[in-house]
Amino acid sequence: MNTQTTVIKDPLLRPLTIKKTTFRNRIISTSHACGLQKDGYPQEAYQAYHEEKARGGLALSMFGGSSNVDRDSPNVFNQLDVGTDGIIPHFQRFAERMHGQGAALMCQITHLGRRAEPYAQDWLPAIAPSPVREALHRAIPREMDEDDIARVVTAYGAAARRCEQGGLDGIETLAGGHLIGQFLSPKTNQRSDRFGGSLQNRLRFALMVHEAIRREVSDDFLVGMRFVVDEGPDGILPAEECLEAAALLRDAGAVDFFNAIYGSMDTVRALSEENMPGMGIGSAPWVNVVGNFREEIGLPVFHAAKLSDLATARYAVESGKIDMAGLTRPQIADPHMVRKLLEGKEDRIRPCVGAGHCQSGHRPKCLHNAATGRETLFPAEVAAVAPGNRRKAVVIGAGPAGLEAARVLAMRGHSVQIFEAAAKPGGQLLLAAQGWRRELISIVDWRLMELQHLGVEVICNRFMDAEDILTLEPDLVILATGGMPQLEFGDGSELAISTWELLGRQVSVKDDVLIWDGTGRHPAQMAALFAHDGGAKVTYATLDKELAQEQVYPEVTRWRKEFAKRGLRPDIDTRLVAARRHNNRIEATLLNELTRESRTLLVDHLVVEMGTVPMDELFHELRQHSGNRGKTDIHALVAQQAQPRSEAGIELHRIGDAQASRNVHAAIYDAFRLCRLC
């Protein structure tokens with residue numbers, strides 16, 4: 001494909017110039033706390049994570065989500081510390097690496113204000129324009145006086161200076177729920193002095209901050225603001241007043257661009273549905289609101305909120321609604337998406353499914369990309385083996401682990417056969433991808449398309465026993481046979497049905513149903529909604545201290561919302577200990593883990609979720625034929641070294657739930673790190 005022709009035709013690949021900085025295309029990664037900082041600085045892992053995206057072709061990394069300008073804006077979710085000169089050398093090395101890959105580099109600087117935690121870092125009180133508590137971060141802040149305001153304004157200017165000295169191309173400040181936005185919104189600013197009351201007064205702090213920044217940096221250094229264009233239902237600032245404030249900032253020369261966001265961030269609902277919408281929220285929910293803002297403001301506008309793919313971003317840019325498209329989470333899923341676009345391989349881009357795993361305590365790891373966030377361990381791309389080292393590989397099971405194993409082995413150049421006993425590939429994801437979680441099916445579909453590109457056929461409706469596999473004379477066998485539902489909770493376990501049976505429409509339930517959740521994962525909540533919406537009266541009990549305890553906060557919020565809409569209330573700290581027949585019903589015995597008191601409940605159906613137990617019969621049959629006795633050398637695996645090979649017998653490994661019940665990321669990571677060196 002002629003790349004130059006692509007650049008002319010595709011609006012995403014047209015350059016954009018602001019002042020003297022030219023961005024090579026319209027695709028950026030917006031600021032986020034990626035979790036890879038070390039001692040408050042962007043060191044090797046942090047830089048490598050962003051450099052991979054630059055190598056993949058993006059125009060700009062706006063890194064450092066919520067980088068702190070002063071000590072009373074503490075590190076509460078792995079932010080950077082731009083309040084000290086110690087960060088400058090790290091910025092210099094970072095900028096050199098990114099510029100060497102053709103990408104621009106900017107940092108978000110901020111003060112958390114009332115979002116700070118008073119018991120974190122230096123145990124300083126949170127400060128804010130008014131002592132209004134934030135429900136999400138829970139601090140009751142101290143009201144700032146003029147001295148506090150002067151100190152923080154100076155700190156912003158000094159932080160901006162450090163960014164320019166570090167070789168960065170610019171910065172953005174953060175309004176929204178942070179200190180600048182707290183002054184701007186009447187919801188959080190109840191002052192009666194020159195910083196409160198009228199819009200001009202409430203904007204005074206932002207103008208002072210940006211005046212201080214402009215004094216500290218050169219004219220060519222870019223200065224923007226991540227700016228709320230409408231506070232949404234939880235806020236007070238309407239779109240009209242936000243636009244008026246933005247025009248005042250523009251007319252004062254305070255900003256060169258706006259990075260537009262919608263909604264609030266001071267409740268977990270608003271954060272996960274408005275600020276950073278994920279799975280179950282429609283694509284680009286705020287792009288029209290942002291487009292209206294851009295039409296009026298006359299400055300370049302960046303935007304990122306569920307721009308899930310290049311087609312959505314292309315529409316937003318081509319229709320003039322935004323100037324730069326933030327595909328932040330999509331680039332966590334595939335940091336090389338721009339390169340693939342340039343090469344005419346847009347269909348090969350690994351899709352973002354919006355699962356929120358990259359927002360978990362394991363961030364920035366993608367649910368189905370094992371390489372992101374591990375750039376110092378291995379490259380994103382899989383290297384092929386020398387022709388003389390190619391092997392005959394057989395993969396059993398076409399769930400996420402098996403599909404990933406087959407994909408990676410085929411990319412290595414091995415001859416790969418993959419077999420699935422079921423009628424369709426996908427494993428447990430076929431049950432999981434329902435309702436608001438239906439986007440999960442893309443994890444399966446993308447791998448099937450990749451295998452098609454690689455010439456690997458997934459053979460379904462084929463149960464393979466040990467003899468069938470040995471007849472193929474493989475060198476390498478990967479067992480991704482998954483697991484079966486665990487139901488053994490105690491006496492009466494035989495009376496229970498699994499969540500799989502319910503979600504797979506193998507059984508139907510009615511009247512009184514008890515659903516007991518022993519994992520905190522998704523299946524029990526899915527089963528509860530399925531049963532309730534089918535007309536059953538559902539009692540939901542969980543072993544955990546809260547609903548969906550093992551999940552990421554956007555997922556937890558969604559389940560809480562779905563339960564609240566239906567009037568379902570989880571019984572927490574509750575263990576299912578026994579069940580027995582009582583006439584034509586089931587008497588379940590439940591134990592409260594805190595009080596140790598038990599109670600009985602009469603129901604018509606008992607649905608149990610306890611994860612899975614491995615389907616390991618085939619593994620034990622094949623072990624005697626394997627040179628490695630079916631043992632994966634975990635020390636070599638963790639050190640990212642090839643597995644030791646035996647002269648005799650097949651090499652045998654098991655991955656994913658064939659080992660133990662875990663999540664999708666663990667299954668895919670098992671496959672990727674093992675097979676990339678096979």
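Where is the place of L203? Select L203 and you land in helix α6, which covers residues 199-216. Keep in mind as you click around that this is a predicted model.

**Stop 1: L203**

With a relative accessibility of 2%, L203 falls under the 20% cut-off, so it counts as buried. Now show what surrounds L203: setting aside neighbours up to four places along the sequence, you'll find L184, A245, L248 and L249 in contact. For a distance check, draw a line from the C-alpha of L203 to the C-alpha of Q182; it should read 9.9 Å, for two residues 21 apart in sequence.

**Stop 2: zoom out**

Switch to cartoon and take in the whole protein. There are 22 helices and 26 strands to scroll through. Fit a box along the principal axes and the C-alpha atoms fill roughly 80 × 65 × 45 Å. The radius of gyration is 27 Å, which agrees with the value near 26 Å for a compact globule of 678 residues.

Colour by accessibility next: buried residues account for 59% of the 678. If you turn on the surface, its accessible area is about 26,700 Å², with carbon and sulfur atoms contributing 48%. A contact map is worth a look too. Take the contacts between residues at least 6 apart in sequence, and 71% of them join residues at least 24 apart.

**Stop 3: the nonpolar cores**

Which residues touch the most other members of the largest nonpolar core? Select I109, F205, F227 and F258; those are the ones, out of 88 residues in that core. Add helix α4 (residues 146-165) to the view, as it supplies the largest share of this core, 8 residues. There is also a second, separate core, made of 68 residues, and A370, W436, L440 and I655 are among them.

Back to I109 for a closer look. Beyond four places in sequence, its contacts include S67, V69 and V82. Others on the list for I109 are Y156, A159, A160 and C163, along with I171, E172, T173, L174 and I213.

**Stop 4: N68**

Next, pick N68, in strand β4 (residues 60-68). Is N68 buried or exposed? Its relative accessibility is 4%, so N68 counts as buried. Show the side chains of N68 and S73 as sticks: a polar contact of 2.7 Å joins them. Widen the selection around N68, leaving out residues up to four places away, and you pick up S73, P74, N75, Q79, L80, D81, V82, G83, T110 and L112.

**Stop 5: salt bridges**

Side chains of opposite charge can pair when their charged atoms come close. The count for this model comes to 51 salt bridges, so let's visit a few.

Start with E52 and R55, whose closest N and O atoms sit 2.9 Å apart in a salt bridge. Both belong to helix α2 (residues 44-55), 3 residues apart, or about one turn of the helix. How do the two partners compare for exposure? E52 is at 8% relative accessibility and therefore counts as buried, while R55 is partly exposed at 39%.

Jump to K306 and E439, where the side chains meet in a salt bridge of 3.6 Å, N to O. This pair links distant parts of the chain, 133 residues apart: E439 is in the loop between α14 (429-432) and α15 (441-453), and K306 is in the loop between β11 (301-303) and α10 (310-318). At 26% relative accessibility E439 counts as partly exposed, whereas K306, at 7%, counts as buried.

Then select R339 and E381, another salt bridge, with the closest N and O atoms 3.6 Å apart. Here R339 lies in helix α12 (residues 337-342) and E381 in the loop between α12 and β13 (392-396); the pair links distant parts of the chain, 42 residues apart. R339 counts as partly exposed at 23% relative accessibility, and E381 counts as partly exposed at 39%.

For a last selection, put E44, E51, E52, R55 and R97 on screen together: salt bridges that share partners join them into one network.

Key. Residues numbered from 1 in each chain as written. Predicted model: local features only at pLDDT ≥ 70, side-chain atom pairs only at ≥ 80, totals over all residues. Heavy atoms only, no water. Helix = DSSP H or I, 4+ residues; strand = E, 2+ residues; numbered from the N terminus. Buried < 20%, exposed > 50% of the residue type's maximum accessible area, 1.4 Å probe, protein only. Polar contact = N/O pair within 3.5 Å; in protein donor to acceptor, adjacent residues only side chain to side chain. Contact = heavy atoms within 4.5 Å. Core = buried A, V, L, I, M, F, W, Y, C linked by side-chain atoms within 4.5 Å. Rg over C-alpha atoms; globule rule 2.2 N^0.38 Å. Areas by Shrake-Rupley, 256 points an atom, 1.4 Å probe, with all protein chains shown as cover. Salt bridge = Lys/Arg side-chain N within 4 Å of Asp/Glu carboxyl O.
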